[in-house]
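Student: I have a sequence and a model in front of me. How do I begin to read them?

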Amino acid sequence: MYDFRIEAAEKAELYRELIGAADALTAGEPDAIANMANVAALLWESLPDLNWAGFYRNVGGELVLGPFQGRPACIRIPFGQGVCGAAAATLEVQRIDDVHAFDGHIPCDAASNSELVVPIVRDGALLAVLDLDSPKTARFTAEDEAGCVKLAEILARAL
Ligand code: SME
């Protein structure tokens, strides 16, 4: 049984614990789907105020839905479309305080108000994006971004 219950009071500590848990969960496991599934579950259980947490994989230059927690979501997203497609096309983090103000945002769940998308890159190539959605406007801070970027670095070795 895995028991990674993370209840840190501060965000910096929360992400230190999350990154340690993600490292432990994926260590020695070569299956990318299994690793994304466990990390999606870990994020969902550990981060407050989320309504979606998961991955889109780069499958031949198109984003395809991967393991996630939350409501069923759109399956395919072309590079350049929506928040996820913008992250995939630019390889840059998209931290969006208000998704309704983002031109081209793809609403998968009407409850979403803010979003953080982090590209997972190895040797300059996009493997997947990590996508977090929240019903709270401006839910994701620079600390969340920095923590998720470190998480993406761990995942780049585990996918
Ligand atoms: N809102 C995303 C689509 C994916 S869902 O949030 C799960 C976007 O605009 O790319």
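Student: In what order do the elements of the chain run from the N terminus on?

Tutor: Note beforehand that this is a predicted model. Walk along the chain and write one letter for each helix or strand. Here the elements run α-α-β-β-β-α-β-β-β-α from the N terminus. That makes four helices and six strands in the chain.

Student: What radius of gyration would a compact globule with 159 residues have, and what does the chain have?

Tutor: The idea is to set the chain's value beside the one expected for its number of residues. A compact globule with 159 residues would have a radius of gyration near 15 Å; the chain has 14 Å, so the two agree. For the extent in three directions, take the principal axes: the C-alpha trace spans about 40 × 35 × 25 Å along them.

Student: Where does the ligand sit?

Tutor: Look for the spaces in the protein, then ask which one holds the ligand. In this model, the ligand sits in the largest cavity. Strand S1 (52-58), helix H3 (82-90) and strand S6 (125-134) are the elements that each give two or more residues to the shell around the ligand. H3 gives the most, with three residues.

Student: How many residues surround the ligand, and which are the closest?

Tutor: List the residues with a heavy atom within 4 Å of the ligand. There are 13 of them, and the closest are Val83, Cys84, Ile106, Glu115 and Asp133. By class, the shell divides into eight nonpolar, two polar and three charged residues.

Student: Which residue has a polar backbone atom 2.8 Å from an oxygen atom of the ligand?

Tutor: To find polar contacts, look for pairs of N or O atoms within 3.5 Å. The residue you ask about is Cys84. Ile106 also uses its backbone: an N or O atom there lies 2.8 Å from a nitrogen atom of the ligand. With His105 the side chain takes part, placing an N or O atom 3.3 Å from a ligand nitrogen.

Student: How much of the ligand does the protein bury?

Tutor: Compare the ligand taken alone with the ligand in place. Alone, the ligand exposes 300 Å², and the protein buries 99% of that.

Conventions
Residues are numbered from 1 along each chain as its sequence is written. This is a predicted model: local features need pLDDT of at least 70, side-chain atom pairs count only at pLDDT 80 or more; totals for chains, interfaces and linings use all residues. Side-chain values use heavy atoms; hydrogens and water are left out. A polar contact is a pair of N or O atoms within 3.5 Å; within protein, one must be able to donate a hydrogen and the other to accept it, and residues adjacent in sequence count only if both atoms are side-chain atoms. Accessible areas come from the Shrake-Rupley method with a 1.4 Å probe; for residues, only the protein chains shown count as cover. On a 1 Å grid over the protein atoms alone, a cavity is a set of points where a 1.4 Å probe fits but cannot get out, and a pocket is an open set with protein on both sides within 12 Å along at least five of seven lines; lining residues have an atom within 4 Å of a point. A molecule sits in a cavity or pocket if more than half of its atoms lie within 2 Å of its grid points. Ala, Val, Leu, Ile, Met, Phe, Trp, Tyr, Cys and Pro count as nonpolar, Asp, Glu, Lys and Arg as charged, and the others, Gly among them, as polar. The radius of gyration is taken over C-alpha atoms; the globule rule is 2.2 Å times the number of residues to the power 0.38.
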